[in-house]
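Dear colleague,

I am passing on the structure we spoke about, with the sequence alongside. My notes on what turned up in it follow below, and I would be glad if you read them next to the model.

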Amino acid sequence: MQLDQLRALLAVIDTGTFDAAAGVLHVTPSAVSQRIKALERDAGRVLVQRTAPCRATAAGETLVRTARQMVLLEDEARAALGEGSDAPVALPVAVNADSLATWFAPVLGAAAGWEGTRLQLEVEDEEYSADHLRRGGVVGAVTANPVPVSGCRTEPLGAMRYLPVAAPQLAERFARGRGYDWSAMPVLRFNAKDDLQLGVLRDLGVGAPPPTSQVPSSEGFVAAVRAGLGWAMVPEAQLEDDLDTGRLVLLRRREHRDVPLHWQVWTLATPRIARLTDAVHDAARRLRPVRGAAGLPVVGAQA
């Protein structure tokens, strides 16, 4: 496998088209096509689905991770020899939206000072972010899955604490005695993968879900709760002073959820990956964690 062919494979998968890949590599689309065809010929199978956007086949996903590692190793070696190229090295990372909106922010500040490195974030639910590692799309992921993907190691970060909250006017409308009409009170979800609210409802014995609105933005999600569009499980780190000022009310004290988070990263030892890993752990520790369920430190909770 030649590195120029592997770089072409990465460029096509990362940009989604042969034309865009050609622009990144500063070659013609024909040259990109020839390199991909040569790689597929040597591999004996199709590696790229010629769709819009282009996607890796199952065999292609295996090569994508290998290609990303080999390209990173070559760039690290050239840098050590003082022969680094002008093009920055990409470090793709998968992170869930709630982490990105809260405790992960210092990682961005740290990355701003890394010369020759370009951070590329993929926003994905913590239950699914490890899939990006399996496909070779990222070098590391903030994930809820403690089982390491092949070729990766897992390091615990702590847990995100979620609290069931609602706007006061919504809570008052559906108050029933000392509780609430959970089967009728509107609820929010982040996206179709978001199961936190449904989990609480199942524990409360609610079968059919109540009227549900969807807001696929971490900041917009909290704004929708404050506006009274529905109740939801919100990260404690995002509530600011909402509970103290009465802008939001806590619906049930015992229904908080601590979602364990882990940092899964390649076992490949390079200075850039080590620096990224250190930044992730520093950001998680900086937020004065307290102890939550199962003794896990709660990332972003108030001490």
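Which glycine takes a positive phi just after H9? Please keep in mind, before the reply, that this is a predicted model. The residue in question is glycine 205, whose phi is about 85 degrees.

The helix that comes before this glycine, H9, spans residues 196–203, and its buried residues are Leu196, Gln197, Gly199, Val200 and Leu201. Their cover is drawn from several parts of the chain, including strand E6 (152–166) and strand E9 (187–189), and also helix H10 (218–227), strand E11 (232–235) and strand E13 (257–266).

Turning to the whole chain, the protein has twelve helices and 15 strands, and its C-alpha atoms fill a box of roughly 70 × 40 × 30 Å along the principal axes. Of the 303 residues, 47% are buried, while the protein exposes about 14600 Å², of which carbon and sulfur atoms supply 51%. If one takes the contacts between residues at least 6 apart in sequence, 71% of them join residues at least 24 apart. As for charge, there are 33 positive and 35 negative side chains, and the centres of these two sets lie 3 Å apart.

The domain assignment divides the protein into domain 1, residues 1–87, and domain 2, residues 88–289. The C-alpha centres of the two domains lie 32 Å apart, and eleven residues of domain 1 are in contact with 19 residues of domain 2. Residues 1–57 also carry a UniProt annotation, from an unreviewed entry, which reads "domain: HTH lysR-type". Over that stretch the chain is 63% helix and 7% strand, with the end C-alpha atoms 18 Å apart.

One further residue may be worth a look, namely cysteine 54, which sits in the loop between strand E1 (48–49) and strand E2 (55–56). Is this cysteine 54 buried or exposed? Cysteine 54 counts as buried because its relative accessible area is 8%, and the cut-off for that term is under 20%. Leaving aside residues up to four places away in sequence, cysteine 54 touches Val12, Ile13, Gly16, Thr17 and Phe18, together with Val48 and Gln49. Serine 213, by contrast, is 159 residues from cysteine 54 in sequence and 32 Å from it in space, taken C-alpha to C-alpha.

With best wishes

How values were computed: Residues numbered from 1 in each chain as written. Predicted model: local features only at pLDDT ≥ 70, side-chain atom pairs only at ≥ 80, totals over all residues. Heavy atoms only, no water. Helix = DSSP H or I, 4+ residues; strand = E, 2+ residues; numbered from the N terminus. Buried < 20%, exposed > 50% of the residue type's maximum accessible area, 1.4 Å probe, protein only. Contact = heavy atoms within 4.5 Å. Areas by Shrake-Rupley, 256 points an atom, 1.4 Å probe, with all protein chains shown as cover. Lys, Arg positive; Asp, Glu negative; His and termini not counted. Charge placed at Lys NZ, Arg CZ, Asp CG, Glu CD. UniProt positions renumbered as here; feature names shortened; annotations may be inferred. Domains from an automatic or database assignment.
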